[in-house]
Structures are given as structure tokens and as C-alpha cells.
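Here is a short briefing to read alongside the structure. It goes through salt bridges, empty space, a surface patch and some backbone angles.

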Amino acid sequence: MQLTNKIQLSLNRNVTFIKVFFIVFYAVGVAGMTIPYTFPLFVKLTPFALFLTAGALALFHGTFTRKEVTLFGIIYLAGFIIEAIGVNTGTIFGHYIYGDSLGLKLFSTPLMIGLNWLLLVYLTASVMEQTGIHSALKIIIGALLMIGYDIILEQVAPAIDMWYWQDGNAPLQNYLSWFIIALAFHALARAFKANMKNKLGPFLFACQTVFFILLFIFLV
């Protein structure tokens with residue numbers, strides 16, 4: 001317990017340094033993906049960026065309760081299974097295929113996509129925890145934040161080899177499904193009474209959103 005407290009105190013003292021690190025990290029990522037010579041390397045580093053973000057959030061989360069570990073496992077597995085069904089049938093989001101930038105695949109679905117769902121739920125829930133609004137509104141607005149993020153991401157995803165839509169653009173079905181699934185995940189997090197307060201959460205959500213906006217400006 002004392003060691004955990006010491007680690008938390010050290011992290012709290014260095015939160016500004018860590019934020020500066022991530023600003024530089026994402027800025028380098030934008031540069032690397034917009035320079036043709038370095039583009040292939042930086043695309044392959046996408047899973048590393050997700051792991052790094054997840055690791056930083058985990059450090060600032062503190063101690064994980066058994067309920068939270070169970071919740072996060074459910075969101076990861078459910079996110080992966082939903083995507084696997086979606087990409088193999090076209091019935092959930094529409095017809096699309098995955099590229100190679102998200103790494104190793106199972107059933108034509110990157111294993112990282114479950115982590116991506118988990119991160120987005122956690123980050124948007126962390127943003128909502130900064131407000132004092134009613135829990136029901138936190139669920140709805142948190143899901144809307146995920147939709148807003150996805151609208152931006154969908155414009156960039158094909159350019160960085162994440163996924164490709166059969167008709168070139170994401171259909172309305174994709175956004176409706178995203179909203180319903182996001183609502184379910186946010187409601188589940190509320191039901192589990194998981195602690196989503198995280199000093200880095202809102203900051204990293206902003207960093208990722210700006211990152212994809214910049215890629216849209218320079219790549220698309």
C-alpha cells in the first residue's frame with residue numbers, strides 16, 4: 001500500500017511532464033504519418049500508441065477493483081466480438097474490411113480493436129466525470145462524444161490503413177450502431193459503479209481527437 005501511494009504521489013508531481021510528453025508524442029506521430037518516407041513505419045506503430053495510452057491511463061487510474069477488471073474485460077471482449085461479427089457479416093456497421101495498421105487479426109478482426117473500444121469508453125467517461133450533470137446525461141453525452149470522435153476517425157481511417165468501407169464512406173448504419181453500442185457500454189460502466197475519474201483521461205481524449213483532425217487536414 002505504501003509503495004502504491006508513493007507511486008501515485010510521484011505521478012501526481014510529474015503530471016505536467018507526462019502531458020508534455022504526450023503532446024510531443026502525438027506531434028511526432030502527425031509528422032511521421034504525413035512524411036511519405038516515414039509513413040509506413042509510423043502506421044505500424046499504431047498498436048504501440050494504443051498500448052502506451054492504455055498504460056498511462058492505468059497508472060493514473062490507481063488500484064483496480066475486481067469489478068473494474070471484470071467490466072474492462074467485458075468491454076474488450078464485447079467490442080472485439082461485435083467487430084468480428086460486423087466485419088464478417090456486414091449486419092452491424094455495414095460492409096467494411098480491416099487494413100493492417102492495427103496489427104494481428106483473428107477472424108479478420110484486429111485484436112487491438114477491443115482495446116480501442118475500451119479506451120474510448122474510458123476516455124469519454126473520464127471526460128463526463130469532470131461534470132456534475134445527472135448520470136443519465138453522462139451516459140448519453142459520453143456516447144455522443146464517441147460518435148463525434150468516430151465521425152472524425154472515419155475520414156482518416158482508410159488513409160492510415162485502419163479499415164476500408166465497401167462504398168468508400170461510412171454509412172449512417174455505422175453511426176447508429178456506434179451510438180447504441182456506446183450507450184450500452186457507458187450504461188454498463190455506470191451499473192458496475194466503476195471509477196472513471198482520471199487526471200489524464202480528458203487530456204488524452206483531446207490529444208487523440210486533435211491528432212486525427214490534423215491527419216485529416218494533412219492526409220485526406
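Glutamate 129 is a good place to begin: its relative accessible area is 17%, so it counts as buried, the limit being under 20%. Through salt bridges with shared partners, Glu129, Lys138 and Arg190 form one network. Please keep in mind that this is a predicted model.

**Salt bridges**

- The whole structure contains 3 salt bridges.
- Arginine 190 pairs with glutamate 129, and their closest N and O atoms are 2.3 Å apart.
- Because arginine 190 belongs to helix α8 and glutamate 129 to the loop between α6 and α7, this pair ties together parts that are 61 residues apart in sequence.
- Glutamate 129 also meets lysine 138 in a salt bridge, at 3.9 Å from N to O.
- Lysine 138 is buried, as is glutamate 129, whereas arginine 190 is partly exposed with a relative accessible area of 30%.
- Another salt bridge links lysine 105 to aspartate 100, with 3.4 Å between the closest N and O atoms.
- Of these two partners, lysine 105 is partly exposed at 31% relative accessibility, and aspartate 100 is exposed at 56%.

**The enclosed cavity**

- If you are looking for enclosed space, there is 1 cavity of 30 Å³ or more.
- The largest cavity holds about 100 Å³ of space.
- Its lining has 13 residues, and those closest to the centre are Glu83, Tyr98, Glu154, Trp163 and Trp178.
- At least two lining residues come from each of β1 (96-98), α6 (112-128), α7, β4 (163-165) and α8 (172-191).
- Helix α6 contributes the most to this cavity lining, with 3 residues.
- Sorted by class, the cavity lining comprises 8 nonpolar, 2 polar and 3 charged residues.

**The largest pocket**

- The largest pocket has a volume of about 350 Å³.
- There are 23 residues in the lining of the largest pocket, and Tyr26, Met33, Thr46, Ala49 and Phe211 are the ones nearest its centre.
- Helices α2 (15-34), α4 (46-61), α6, α7 and α9 (201-219) each provide at least two of the pocket's lining residues.
- The pocket lining has 18 nonpolar and 5 polar residues, with no charged ones.

**A nonpolar surface patch**

- On the surface, Ile133, Leu137, Ile140, Ile141 and Leu144 make a nonpolar patch of about 380 Å².
- One of these residues, leucine 137, sits in helix α7 (residues 135-156).
- Leucine 137 has a relative accessible area of 42%, so it is partly exposed; patch members need over 30%.

**Backbone angles to look at**

- Most residues other than glycine have a negative phi.
- Phenylalanine 107 is not a glycine, yet its phi is positive, at about 55°.
- Serine 108, also not a glycine, has a positive phi of about 65°.
- Phenylalanine 107 lies in the loop between β2 (105-106) and β3 (109-110), and serine 108 is found in the loop between β2 and β3 too.
- Phenylalanine 107 is exposed, with a relative accessible area of 57%, while serine 108 is partly exposed at 45%.

Note on methods. Residues are numbered from 1 along each chain as its sequence is written. This is a predicted model: local features need pLDDT of at least 70, side-chain atom pairs count only at pLDDT 80 or more; totals for chains, interfaces and linings use all residues. Side-chain values use heavy atoms; hydrogens and water are left out. Patches are made of residues with over 30% relative accessible area and no salt bridge: like charges are joined within 9 Å, nonpolar side chains (Val, Leu, Ile, Met, Phe, Trp, Tyr) within 5 Å. Accessible areas come from the Shrake-Rupley method with a 1.4 Å probe; for residues, only the protein chains shown count as cover. A salt bridge is a side-chain nitrogen of Lys or Arg within 4 Å of a carboxyl oxygen of Asp or Glu. Helices (H or I, at least four residues) and strands (E, at least two) are DSSP runs, numbered from the N terminus. Buried means under 20% relative accessible area, exposed over 50%, partly exposed in between (1.4 Å probe, protein chains only). On a 1 Å grid over the protein atoms alone, a cavity is a set of points where a 1.4 Å probe fits but cannot get out, and a pocket is an open set with protein on both sides within 12 Å along at least five of seven lines; lining residues have an atom within 4 Å of a point. Grid points are joined across faces, edges and corners, and a volume is the space filled by probe spheres set on the points. Ala, Val, Leu, Ile, Met, Phe, Trp, Tyr, Cys and Pro count as nonpolar, Asp, Glu, Lys and Arg as charged, and the others, Gly among them, as polar.
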